[in-house]
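Subject: Structure handover

Dear colleague,

Please find the structure below. My notes come after it.

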Amino acid sequence: MSKVPAELKYAKSHEWVRVEDDGTITVGISDHAQGALGDLVYVEAPEVGESYGAGDAAAVVESVKAASDIYCPVAGEVVESHESLADEPEHVNEDPYGEGWIFRLRPEKPEDVDGLMDAAAYQKLLEDE
Amino acid sequence: MPFIPHTENEVREMLDAIGVESIEQLFDEIPDSLRIHDLPGVPDSLSEMAISRLMHERAAQDGHASCFIGAGAYEHHIPAAVWEITTRGEYYSAYTPYQAEASQGTLQLIYEYQSMMTELTAMDVSNASLYDGATALAEASLMAVRANRKSKSRKILVPRSVHPLYRQVTQAIAGAQELDFQSVDFEREKGSTPLSAFKAHEGEDITAVVIPQPNFFGSLEEVDAITDWAHENGALVIAVVNPTSLAVIEPPGNWGEKGADIMVGEGQPLGVPLSSGGPYFGILCCSQKLVRQMPGRLVGRTVDEDGKEGFTLTLQPREQHIRRSKATSNICTNQGLMVTAATIYMALLGAEGLARVAAVSHQRTRQLRDAVSELNGVNGAFDSPYFHETVIRLDRPADKVLDAMAERGVLGGLSLKDWYPELGEAILVCATETKTEDDIRAYRDVLGEVLASVKAA
């Protein structure tokens, strides 16, 4: 059973979102997503300063057999990028909700986060899949 | 099973099914002016014996001219073993070895190729080939734009001393993707690009700088200074090289403080015959940090669960059969057979043999230039160092001189008039290790005779 921490928000495309004290949000991929991809060999995190709309491809994670886009859950500007994942992509597999975070975003509208799924809804999505 | 799959009846049935009268109707969309209806001199059909005779007659018309034209395609001696091995059944396919479990021999060969190529170029990684040198430069330009994420301009500085056809192909392929190619002029007396010409762009947002070595004129560029300048200005360096020359001159991985970031070139000089222009293959190497943006695949060596050695294709997730529109290699048909020939060529010659080929080629070109300089009205055009190709200037119309030389069995070089009119009556000449001292004397004598008969411009 994949871990779905209760305090996070989730997108249908399997990204998780954590709202930080300063109003920025941290984005990563869920435990379920890392498990489905298998061992990652590369993570291409976005550039700080880039702006993305909700649903835009912002990063790429690459496993041995596939390369997948990571979508921006809500519109905003990248304020921090976890660039060391390029050399240590295994953090995403080992600790998807901790050391495996991918980028931090300043959302255009903080209330957009409310439109994402809560843990219960995401858990149900996984069960239905 | 018949080799021709469609009988007339089957063709009729297919046409009826889609409601079309004739096959010809399917071509209606193409304007008539673009279609060639008859090929002059090509008969409809002939027996095998008749066609073989015709081909021999036609081949004989070419004669056995002594060729001093280089300009991107070079005549080198190819040991007989190269193509004897390359055309063995096990290797005789240009197709990509997607099924690693069935292609271990080919994969091992590509692994060897990559290893030799990185040694020759002093770069970290080599891909397993592109179409040719010109398309490799286009791919390298696109790669530089992907890799240099700090630069937003998509501006690439391209010296005019880069092969004109490479520049055209690159513009045609990458220009449509909004890359901004800016030309950098060469120094008229030297035939190489001065650092000051690049410095005119100081302070601009430059994505990459292209540096040819040797350049199209055969001259050597100041690669260390230009590489360092490019890096200080936030640009990546794309080297365009002749692989043979790297056996005797500094390889791009060692240029300047940090070395070139991407290197491309034409692989033809390494064991691939001239064969009227193809098939050739493109070389592309890069530094380790750019490997994720490299078009094409790598072959890696690994061990399986039982500890047995095996070879695998890596970086496949970026390829078009997996990632389609976002692939980094949409034109990476593997020129596998040419790579096979090059690998065997390099293995047979070894580093020492390749250095000997390069050194003798350089020596012959010097002898050629010295020999023709004795003639009245012939001068070296540039005073910079060169590898195995150089520009000479005539006091007669170059095209007429070359035509008259060809009639006497010597292909005397390439007229530069169309591409570089400012150079006047200039021709690009090349001598490799295939030319003997007698051949060079014969060149001088024929040129001397021709100059006496062609009127001054």
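The notes cover cores, aromatic contacts and one loop residue.

This is a predicted model, in which local features need pLDDT of at least 70 and side-chain atom pairs count only at pLDDT 80 or more, while totals for chains, interfaces and linings use all residues. Residues are numbered from 1 along each chain as its sequence is written, chains are lettered from A and ligands numbered from 1 in the order in which they are written, and side-chain values use heavy atoms, leaving out hydrogens and water.

The largest nonpolar core (buried Ala, Val, Leu, Ile, Met, Phe, Trp, Tyr and Cys joined through side-chain atoms within 4.5 Å; buried is under 20% relative accessible area, 1.4 Å probe, protein chains only) has 43 residues, of which B:M117, B:V209, B:W229, B:F281 and B:Y345 touch the most other members. Helix α10(B) gives the most to this core, 11 residues. Apart from it lies another core of 32 residues, including B:A136 and B:F181.

Aromatic pairs (Phe, Tyr or Trp six-membered ring centres within 6.5 Å; planes under 30 degrees apart are stacked, over 60 edge-to-face, the rest tilted) number 14 over all chains. One of them, B:F198 with B:W229, is tilted, at 6.1 Å centre to centre and 45° between the planes. The two residues are 31 apart, in helices α7 and α8 of chain B. B:F198 is buried at 0%, and B:W229 is buried at 4%.

In chain A, A:S30 sits in the loop between β3 (25-29) and α1 (31-37), and is buried at 0% relative accessible area.

Regards

Note on methods. Helices (H or I, at least four residues) and strands (E, at least two) are DSSP runs, numbered from the N terminus. Buried means under 20% relative accessible area, exposed over 50%, partly exposed in between (1.4 Å probe, protein chains only).
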